[in-house]
Amino acid sequence: MHFTPENPDYLLSPYTGLTRKHWIDAGKYILEGVFRHVPTMDSPVLVPRYETEITYPNSRTPAWKVQAEYFEGLARSFFIAAPLIAIEPDLEIAGIPLKEYYRDHILRSCTPGDEQYVLSYSDMDREAEPSFTLHTYQQTVETCAVVIGLVTARKEIWDAYSQEEKDRIAAFIRDYAQGTTATQNWRLFNMLDLAFLSMMGYEIDRDVMREHAQAILAYYADDGWYRDGHSFDYYSAWAFQVYAPIWCRWYGYENEAYLAAEFEKNSNELMKTYDRLFDQRGHVTMWGRSSIYRNAATAPFAADFNLRNPSCNPGLARRIASGALLQFFSRDDILYEGAPVLGFYGPFTPMIQGYSCAESPLWLGKAFLCLELPEDHPFWTAKEENGVWDTLGDGETLETVLDGPGLAIADHHDNGTMELRTGKVIRRVGDSNGRWCYAKLSYSSRYPWESDLPSGLSAASYVLKEPDISKTEQISSILWSGMRKNVLYRRALFGYDTSSDLHWTSAIDLADFAVPEGLVRADRIRLFHKPVDIYLGSYGFPCPDAKYSIRRRGNFQAVVMTGHGSDGKVRHMAMTVFAGWDDLAVERSAGTNPDTAESFIIFAHASRKRVFGYDPYMLISQVLTKEGEEGFSDDEVFCISSIDFCDKEKCGGYGPVTIHMNSGKSRIIDFSGIEGHLMM
């Protein structure tokens, strides 16, 4: 049964109806589902598993990591439980008194000899392979959730321990705080562990703290975003921009003024545009790894209020946080036996990673850290606002380009969607999950990414099929060149391997621009191998009852689909080909879409047979989406009136290409200069 808010308040919250009380109710709703699997006070927080091959523990899991599952369930549920305990100290969930439960189990997790002891860093390090010195363990992640909860419910839990018990927990935390950690967002876990110890009166190694903090700051890429390894994704938000503001309050302002000031500046920089990543309903987009954390993407809004000088708009922050909460909690399929499933909506195996366990989705509990803010805080008392969505008029799209992380955000008034185009993407060849998470041509807030079809074709992406050598190539990397004259330029590389020279790598130069309900692509192929068949997929259309029709205007052709989504609402999708393409087709698929069991994808196809022939280089297409009874007009489907080429063959091999729109606007596609301005 999904979460249903009682007595919504549409005066204070005109968009969602949710107030602080509803957030408290939602937290209890999740914990009720989780704790129905905790039969006694002695039982750990473990939820039923339906997937056992990818997630841990499995047959390949080392003994130490079996204990890590106990810690994930305990620590991540504590994100939700801790603020509820602070608000209602005597709260019981499923007959379990939460205050006593967490007080007992946190101590047990740190106590050698207890069956729920999750092992110290030193315990595991003694058993690790001695030839490798950079040992990292899942428990490091969870210690950070524990210390956040201990500060949140300090009076109810931490202060209730004896001095010996506090010292036992502190020694356990210190072992991880000073142990080796992954050299990316994980450093923040160590920083908060150390900050917690310092807050509680324990001596720490301040050089270790400073080393981690300077490294985190060095990952900053501008526009409020930090690079995490090769990637930019929501980790920049739910790790860097949640933990760094907390660190400033706990430790930085008092002990590392310069670093704290930089973290504050970066958090406030994120607040300038972060709201634009959420659509008109406040929905989160399925993008990047660990999408099982869902609405945790809203956590930076409340975290910004840890700063001395926050810039977050409280009414807008709550509107987005509540909209994202309803996006997931209002669906029945996000739960399996009461606990959040390994998926974005329902169970979805293609998106899960091997570092997760059944309890990992409880990281969405970070969104509930807003409950640390008192009831009279502006986050709870300000009237909901909807940011840029209240400023856009009919036919308008707001485009926000962030060169630091290589992100282009399109907020479409007419259909209420957010479309995200990414660059600075480097994925390992053969990493299908990485391609789906990062290297799609665009991501939509209403149409989550779809995994590859059995045919090898891919939604929202190009695929090359080379029949003479029986080879299929997928995009593995996307380089960023930025926006010029309202056109975004990037380059997609197929099967890119740094050991090979680029001239042996097939590429497509990408140029796209926004129209009221979608994006127009005007891309240029750069292939070193032919013959080849080129395919371009639309978004997956998650409407099992979809019907489609073919429309034509002159030499332009389109497929228009209509069906009912999982919410019962009518949806429409159109894919139009204007130049360079041979034909369009539709494929039905099962098990590849995270929203519905069956889906449809429209594919454009073009064939290039001559190895060195001067054939059409430009591939011009469009994908539109909308909801409601009213479908697309022909002028929407065929938004381009004419195309001017510089070359007399009209192939687009050289020179600018001018695209004239029905609206009277024009877009000039000019790839000159892209070679010298590619970034990753």
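A residue counts as buried when its relative accessible area is under 20%. By that cut-off, phenylalanine 78 and tyrosine 102 are both buried. The model they belong to is a predicted one, and this pair is a convenient way into it.

The ring centres of phenylalanine 78 and tyrosine 102 are 4.9 Å apart and the ring planes meet at 20°, so the pair is stacked. Phenylalanine 78 belongs to helix H2 (residues 63–87) and tyrosine 102 to helix H3 (residues 98–109), so the pair ties together parts that are 24 residues apart in sequence. A search of the whole structure finds 51 aromatic pairs. One of them, formed by tyrosine 29 and phenylalanine 329, is tilted, with 6.0 Å between centres and 50° between planes. Here the partners come from helix H1 (residues 20–35) and helix H12, so parts 300 residues apart in sequence are tied together. Tyrosine 29 has a relative accessible area of 18% and is therefore buried; phenylalanine 329, at 0%, also counts as buried. Aromatic residues also gather in a cluster whose members include Trp225, Tyr234, Trp238, Phe278, Tyr293 and Trp363.

Helix H12 covers residues 314–329. With 16 residues at 1.5 Å a residue, H12 should span 22 Å, and because its end C-alpha atoms are 22 Å apart, the model agrees with that expectation. Of the 16 residues in H12, 15 are buried. The N-terminal end of H12 is capped by asparagine 313, which has a side-chain oxygen 3.1 Å from the backbone nitrogen of glycine 315.

Tyrosine 102 and phenylalanine 329 appear again in the largest nonpolar core, which has 189 residues; they are among the residues that touch the most other members, as are Phe35, Tyr243, Trp247, Phe263 and Tyr462. Helix H9 (residues 235–255) gives the most to this core, with 14 residues. Setting aside neighbours within four places in sequence, tyrosine 243 is in contact with Phe79, Cys144, Ile148, Leu188, Phe189, Leu192, Trp238, Trp363 and Lys366. Apart from this core lies another, of 29 residues, including Ala511, Phe578, Met618 and Ile669. In soluble globular proteins, nonpolar side chains tend to be buried together.

Another buried position is alanine 170, which is placed in helix H6 (residues 163–177). Its relative accessible area is 3%, which is why alanine 170 counts as buried. Beyond its neighbours within four places in sequence, alanine 170 is in contact with Leu197 and Tyr202. Threonine 16 is 154 residues from alanine 170 in sequence and 41 Å from it in space, C-alpha to C-alpha.

The strands come next. Four of them form an open antiparallel sheet in the order E7-E8-E9-E11. Strand E7 (397–402) and strand E11 (443–444) are the edge strands, each pairing on one side only. E7 runs antiparallel to strand E8 (residues 407–412), and six bridges join the two. Within this pairing, leucine 398 stands opposite aspartate 411 of E8.

Threonine 400 also sits in E7. Its relative accessibility is 5%, so threonine 400 counts as buried. The side chain of threonine 400 makes a polar contact of 3.0 Å with the side chain of arginine 276. Apart from neighbours within four places in sequence, threonine 400 is in contact with Thr273, Arg276, Leu407, Ala408 and Ile409.

Further along the chain, strand E19 (residues 556–564) is mostly covered, with seven of its nine residues buried. E19 has antiparallel partners in E18 and E20. Strand E18 (residues 547–553) pairs with E19 over seven bridges, and arginine 551 stands opposite alanine 558 in E19. The two strands form a hairpin with two residues between them, where glycine 554 in the turn has a positive phi of about 60°. Strand E20 (residues 570–579) is joined to E19 by eight bridges and runs antiparallel to it; threonine 562 stands opposite histidine 572 in E20. The hairpin of E19 and E20 has five residues between the strands, and glycine 568 there takes a positive phi near 85°.

Methods: Residues numbered from 1 in each chain as written. Predicted model: local features only at pLDDT ≥ 70, side-chain atom pairs only at ≥ 80, totals over all residues. Heavy atoms only, no water. Pairing = 2+ DSSP bridges. Helix = DSSP H or I, 4+ residues; strand = E, 2+ residues; numbered from the N terminus. Core = buried A, V, L, I, M, F, W, Y, C linked by side-chain atoms within 4.5 Å. Buried < 20%, exposed > 50% of the residue type's maximum accessible area, 1.4 Å probe, protein only. Contact = heavy atoms within 4.5 Å. Expected span 1.5 Å × (residues − 1). Polar contact = N/O pair within 3.5 Å; in protein donor to acceptor, adjacent residues only side chain to side chain. Phe/Tyr/Trp six-rings, centres within 6.5 Å; stacked < 30°, edge-to-face > 60°.
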